[in-house]
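User: Please take this model apart in questions and answers, starting with its pocket and then its rings and core.

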Amino acid sequence: MRNKKTQAVGPWSDRVDSADWSAVTDEVNEYGGALLPQLLEPEETREIRGLYESDELFRSTINMGRHRFGEGQYKYFHAPYPEPIERLKQALYPRLLPIARDWWTKLRRPAPWPDTLDEWLQMCHDAGQTKSTAILLKYAEKDWNALHRDLYGDLVFPLQVVINLNEPGIDHTGGEFLLLEQRPRAQSRGTATLLPHGHGYVFTTRDRPVRSTRGWSAAPVRHGVSAIRSGKRHTLALVFHDAA
(Lines give C-alpha, C1' and ligand atoms only; values in the text may rest on other atoms or scores of the structure.)
Protein backbone atom coordinates (compact mmCIF):
# COMPACT_ATOMS: atom_id res chain seq x y z
CA MET A 1 0.00 0.00 0.00
CA ARG A 2 2.98 2.29 0.55
CA ASN A 3 4.29 4.16 -2.46
CA LYS A 4 6.38 7.12 -3.54
CA LYS A 5 4.73 10.29 -4.77
CA THR A 6 2.70 9.66 -7.88
CA GLN A 7 0.45 11.57 -10.19
CA ALA A 8 -3.27 11.87 -9.44
CA VAL A 9 -4.47 8.95 -11.56
CA GLY A 10 -6.59 5.87 -10.96
CA PRO A 11 -9.84 5.44 -9.05
CA TRP A 12 -9.08 8.08 -6.43
CA SER A 13 -8.75 10.80 -9.03
CA ASP A 14 -11.97 9.63 -10.70
CA ARG A 15 -13.82 9.83 -7.39
CA VAL A 16 -12.56 13.35 -6.73
CA ASP A 17 -13.54 14.39 -10.25
CA SER A 18 -17.05 12.93 -9.79
CA ALA A 19 -17.94 15.73 -7.37
CA ASP A 20 -20.06 18.62 -8.61
CA TRP A 21 -17.29 21.10 -7.94
CA SER A 22 -19.43 24.11 -8.77
CA ALA A 23 -21.88 23.04 -6.06
CA VAL A 24 -19.04 22.21 -3.66
CA THR A 25 -17.57 25.67 -4.21
CA ASP A 26 -20.93 27.32 -3.54
CA GLU A 27 -21.39 25.28 -0.36
CA VAL A 28 -17.90 26.06 0.96
CA ASN A 29 -18.37 29.74 0.16
CA GLU A 30 -21.68 29.77 2.05
CA TYR A 31 -20.90 27.58 5.07
CA GLY A 32 -17.14 27.08 5.20
CA GLY A 33 -17.43 23.36 4.49
CA ALA A 34 -18.99 20.93 2.01
CA LEU A 35 -19.58 17.19 1.71
CA LEU A 36 -17.63 15.36 -1.00
CA PRO A 37 -18.42 12.05 -2.73
CA GLN A 38 -17.27 8.67 -1.45
CA LEU A 39 -13.49 8.94 -1.82
CA LEU A 40 -12.63 5.56 -0.28
CA GLU A 41 -14.38 2.21 -0.74
CA PRO A 42 -15.24 0.13 2.37
CA GLU A 43 -12.31 -2.24 1.81
CA GLU A 44 -9.94 0.73 1.55
CA THR A 45 -11.27 2.25 4.77
CA ARG A 46 -10.70 -1.08 6.55
CA GLU A 47 -7.14 -1.23 5.24
CA ILE A 48 -6.36 2.31 6.37
CA ARG A 49 -7.93 1.71 9.80
CA GLY A 50 -5.74 -1.36 10.07
CA LEU A 51 -2.60 0.73 9.60
CA TYR A 52 -3.08 2.37 12.98
CA GLU A 53 -1.09 -0.30 14.84
CA SER A 54 1.82 -0.20 12.36
CA ASP A 55 4.02 2.21 14.29
CA GLU A 56 6.69 2.30 11.59
CA LEU A 57 4.26 4.17 9.30
CA PHE A 58 3.95 7.11 11.71
CA ARG A 59 6.29 9.85 12.90
CA SER A 60 4.35 10.88 16.03
CA THR A 61 1.48 9.81 18.31
CA ILE A 62 -0.64 12.39 20.15
CA ASN A 63 -2.83 11.59 23.16
CA MET A 64 -5.41 14.36 23.08
CA GLY A 65 -6.31 14.24 26.77
CA ARG A 66 -2.68 14.78 27.80
CA HIS A 67 -2.53 17.98 25.75
CA ARG A 68 -6.09 19.10 26.58
CA PHE A 69 -7.09 18.72 22.93
CA GLY A 70 -10.13 16.61 23.87
CA GLU A 71 -10.06 12.83 24.36
CA GLY A 72 -8.76 10.21 21.95
CA GLN A 73 -5.58 9.66 19.99
CA TYR A 74 -4.12 10.44 16.59
CA LYS A 75 -0.96 9.72 14.63
CA TYR A 76 0.93 11.64 11.96
CA PHE A 77 1.94 9.51 8.98
CA HIS A 78 5.50 9.48 7.75
CA ALA A 79 5.95 10.57 4.12
CA PRO A 80 5.83 9.08 1.56
CA TYR A 81 2.22 8.20 2.32
CA PRO A 82 0.31 5.00 1.53
CA GLU A 83 -0.90 5.16 -2.07
CA PRO A 84 -4.59 6.12 -1.54
CA ILE A 85 -3.58 9.00 0.74
CA GLU A 86 -0.98 10.41 -1.63
CA ARG A 87 -3.19 10.07 -4.70
CA LEU A 88 -6.17 11.69 -2.98
CA LYS A 89 -4.03 14.65 -1.92
CA GLN A 90 -2.66 15.01 -5.45
CA ALA A 91 -6.17 14.84 -6.95
CA LEU A 92 -7.81 17.20 -4.44
CA TYR A 93 -5.22 19.99 -4.50
CA PRO A 94 -5.96 21.33 -8.03
CA ARG A 95 -9.70 21.21 -7.28
CA LEU A 96 -9.29 23.22 -4.09
CA LEU A 97 -6.73 25.65 -5.51
CA PRO A 98 -9.24 27.91 -7.37
CA ILE A 99 -11.27 28.29 -4.16
CA ALA A 100 -8.16 29.17 -2.18
CA ARG A 101 -6.99 31.73 -4.72
CA ASP A 102 -10.44 33.31 -4.94
CA TRP A 103 -10.62 33.63 -1.15
CA TRP A 104 -7.24 35.32 -0.88
CA THR A 105 -8.09 37.68 -3.75
CA LYS A 106 -11.23 38.75 -1.90
CA LEU A 107 -9.21 39.30 1.27
CA ARG A 108 -6.55 41.24 -0.65
CA ARG A 109 -3.84 38.79 0.34
CA PRO A 110 -1.12 37.43 -1.93
CA ALA A 111 -1.94 33.84 -2.92
CA PRO A 112 1.37 31.93 -2.72
CA TRP A 113 0.18 28.54 -3.94
CA PRO A 114 1.64 27.19 -7.22
CA ASP A 115 -0.23 24.96 -9.65
CA THR A 116 0.93 21.62 -8.21
CA LEU A 117 0.98 20.15 -4.72
CA ASP A 118 4.60 19.04 -5.07
CA GLU A 119 5.72 22.61 -5.83
CA TRP A 120 3.74 23.92 -2.87
CA LEU A 121 5.20 21.34 -0.46
CA GLN A 122 8.69 22.22 -1.71
CA MET A 123 7.95 25.83 -0.78
CA CYS A 124 6.92 24.61 2.69
CA HIS A 125 10.14 22.61 3.00
CA ASP A 126 12.27 25.55 1.87
CA ALA A 127 10.64 27.59 4.66
CA GLY A 128 11.48 24.95 7.28
CA GLN A 129 8.10 23.21 7.27
CA THR A 130 9.33 19.68 6.54
CA LYS A 131 7.17 17.45 8.76
CA SER A 132 4.40 15.37 7.17
CA THR A 133 0.85 16.24 8.20
CA ALA A 134 -1.55 13.48 7.05
CA ILE A 135 -3.29 12.23 10.21
CA LEU A 136 -5.07 9.05 11.26
CA LEU A 137 -7.37 9.68 14.23
CA LYS A 138 -8.94 7.09 16.54
CA TYR A 139 -11.90 7.80 18.81
CA ALA A 140 -13.59 5.46 21.31
CA GLU A 141 -16.78 5.96 23.33
CA LYS A 142 -16.87 9.39 25.04
CA ASP A 143 -13.88 10.67 23.05
CA TRP A 144 -14.10 14.05 21.32
CA ASN A 145 -11.91 16.63 19.59
CA ALA A 146 -11.74 20.20 20.85
CA LEU A 147 -12.26 23.09 18.45
CA HIS A 148 -8.93 23.99 16.87
CA ARG A 149 -7.09 24.96 13.67
CA ASP A 150 -4.32 22.94 11.96
CA LEU A 151 -1.81 25.66 11.09
CA TYR A 152 1.70 24.24 11.79
CA GLY A 153 3.68 27.20 10.41
CA ASP A 154 3.59 30.45 8.46
CA LEU A 155 2.71 28.75 5.15
CA VAL A 156 -0.88 27.52 5.27
CA PHE A 157 -3.29 26.15 2.68
CA PRO A 158 -6.76 27.47 3.56
CA LEU A 159 -8.71 24.24 2.94
CA GLN A 160 -8.35 20.67 4.16
CA VAL A 161 -10.28 17.40 3.90
CA VAL A 162 -11.38 14.72 6.37
CA ILE A 163 -12.73 11.25 5.52
CA ASN A 164 -14.80 9.09 7.87
CA LEU A 165 -13.36 5.56 7.87
CA ASN A 166 -16.32 4.03 9.74
CA GLU A 167 -20.06 3.52 9.17
CA PRO A 168 -22.19 5.97 11.21
CA GLY A 169 -25.04 4.29 13.05
CA ILE A 170 -23.30 0.90 12.84
CA ASP A 171 -19.69 1.41 13.95
CA HIS A 172 -20.42 4.50 16.01
CA THR A 173 -23.07 6.98 17.12
CA GLY A 174 -22.24 10.63 17.71
CA GLY A 175 -18.97 11.94 16.36
CA GLU A 176 -20.40 14.71 14.20
CA PHE A 177 -17.87 16.96 12.49
CA LEU A 178 -18.12 20.49 13.89
CA LEU A 179 -17.31 23.90 12.43
CA LEU A 180 -17.46 27.14 14.41
CA GLU A 181 -17.17 30.40 12.48
CA GLN A 182 -16.71 33.79 14.12
CA ARG A 183 -18.18 36.44 11.84
CA PRO A 184 -17.01 40.05 12.17
CA ARG A 185 -19.06 41.93 14.78
CA ALA A 186 -21.62 39.10 14.90
CA GLN A 187 -22.50 35.95 16.81
CA SER A 188 -20.49 32.78 16.11
CA ARG A 189 -22.13 30.30 13.73
CA GLY A 190 -21.83 26.55 14.20
CA THR A 191 -22.54 23.64 11.86
CA ALA A 192 -22.54 19.89 12.57
CA THR A 193 -22.23 17.24 9.86
CA LEU A 194 -22.38 13.45 10.26
CA LEU A 195 -20.00 12.20 7.59
CA PRO A 196 -21.08 9.10 5.63
CA HIS A 197 -18.72 6.13 5.43
CA GLY A 198 -15.79 6.84 3.10
CA HIS A 199 -17.02 10.30 2.16
CA GLY A 200 -14.83 13.37 2.32
CA TYR A 201 -15.62 16.75 3.82
CA VAL A 202 -13.71 19.86 2.73
CA PHE A 203 -13.55 22.75 5.18
CA THR A 204 -11.78 25.96 6.16
CA THR A 205 -8.34 25.58 7.74
CA ARG A 206 -7.90 29.01 9.32
CA ASP A 207 -10.22 31.75 8.04
CA ARG A 208 -12.27 32.60 4.98
CA PRO A 209 -13.91 35.64 3.36
CA VAL A 210 -17.43 36.71 4.32
CA ARG A 211 -19.29 39.75 3.08
CA SER A 212 -19.32 42.75 5.37
CA THR A 213 -20.24 46.40 5.18
CA ARG A 214 -16.66 47.06 4.03
CA GLY A 215 -16.65 44.42 1.30
CA TRP A 216 -14.95 41.23 2.46
CA SER A 217 -13.72 40.40 5.95
CA ALA A 218 -11.84 37.37 7.29
CA ALA A 219 -13.94 35.07 9.47
CA PRO A 220 -11.84 32.76 11.70
CA VAL A 221 -13.01 29.14 11.66
CA ARG A 222 -12.23 26.29 14.05
CA HIS A 223 -13.18 22.63 13.71
CA GLY A 224 -13.64 19.65 16.02
CA VAL A 225 -15.62 16.45 16.61
CA SER A 226 -18.55 15.94 18.99
CA ALA A 227 -18.47 13.19 21.62
CA ILE A 228 -18.67 9.60 20.45
CA ARG A 229 -21.83 8.21 22.07
CA SER A 230 -21.02 4.57 21.34
CA GLY A 231 -18.61 2.48 19.30
CA LYS A 232 -15.42 3.61 17.57
CA ARG A 233 -14.64 6.14 14.87
CA HIS A 234 -11.52 6.53 12.73
CA THR A 235 -10.84 9.56 10.56
CA LEU A 236 -8.26 10.32 7.89
CA ALA A 237 -7.27 14.01 7.80
CA LEU A 238 -5.59 15.46 4.71
CA VAL A 239 -3.75 18.73 5.34
CA PHE A 240 -2.20 20.44 2.31
CA HIS A 241 0.77 22.09 4.00
CA ASP A 242 3.60 20.49 5.96
CA ALA A 243 4.62 21.38 9.50
CA ALA A 244 7.55 23.22 11.05
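**Pocket, rings and core**

User: Which strands each supply at least two residues of the lining of the largest pocket?
Analyst: This is a predicted model, where local features need pLDDT of at least 70 and side-chain atom pairs pLDDT 80 or more, while totals for chains, interfaces and linings use all residues. Residues are numbered from 1 along each chain as its sequence is written, and side-chain values use heavy atoms, without hydrogens and water. Strands are DSSP runs of E with at least two residues, helices runs of H or I with at least four, both numbered from the N terminus. Each supplying at least two lining residues are β2 (58-63), β4 (73-77), β5 (135-139), β6, β7, β13 (215-225) and β15 (233-238).

User: What is the volume of the largest pocket?
Analyst: On a 1 Å grid over the protein atoms alone, a pocket is an open set of points where a 1.4 Å probe fits, with protein on both sides within 12 Å along at least five of seven lines; lining residues have an atom within 4 Å of a point. Points are joined across faces, edges and corners, and the volume is the space filled by probe spheres set on them. For the largest pocket this comes to about 350 Å³.

User: Which element gives the most to the lining of the largest pocket?
Analyst: The lining holds 25 residues, with Tyr74, Ile135, Asn145, His148 and Asp150 nearest the centre. They divide into 15 nonpolar (Ala, Val, Leu, Ile, Met, Phe, Trp, Tyr, Cys, Pro), 4 charged (Asp, Glu, Lys, Arg) and 6 polar (the others, Gly among them). With 4 residues, the top contributor is β6.

User: How many aromatic pairs does a search of the whole structure find?
Analyst: Rings of Phe, Tyr and Trp (its six-membered ring) pair if their centres lie within 6.5 Å; planes under 30 degrees apart are stacked, over 60 edge-to-face, and the rest tilted. Searching the whole structure gives a count of 12.

User: Why is the pair of Tyr93 and Phe157 stacked, tilted or edge-to-face?
Analyst: The two ring centres are 5.3 Å apart. Tyr93 is in helix α4 (residues 83-106) and Phe157 in the loop between β6 (144-148) and β7 (159-164), 64 residues apart. Because the planes stand at 40 degrees, the pair is tilted.

User: Is Trp113, which pairs with Phe157, buried or exposed?
Analyst: Trp113 and Phe157 pair edge-to-face, with centres 5.6 Å apart and planes at 75 degrees. Trp113 is in the loop between α4 and α5 (117-126), 44 residues from Phe157. Buried means under 20% relative accessible area, exposed over 50% and partly exposed in between (1.4 Å probe, protein chains only). At 2%, Trp113 is therefore buried.

User: Which element gives the most to the largest nonpolar core?
Analyst: A nonpolar core is a set of buried Ala, Val, Leu, Ile, Met, Phe, Trp, Tyr and Cys residues joined through side-chain atoms within 4.5 Å. This one has 46 residues, of which Leu92 and Phe157 touch the most other members. Its largest share, 11 residues, comes from α4.

User: Which residue follows Ala79 across a cis peptide bond?
Analyst: Most peptide bonds are trans. The bond after Ala79 has omega near 0 degrees, which is cis. The residue on its far side is Pro80.
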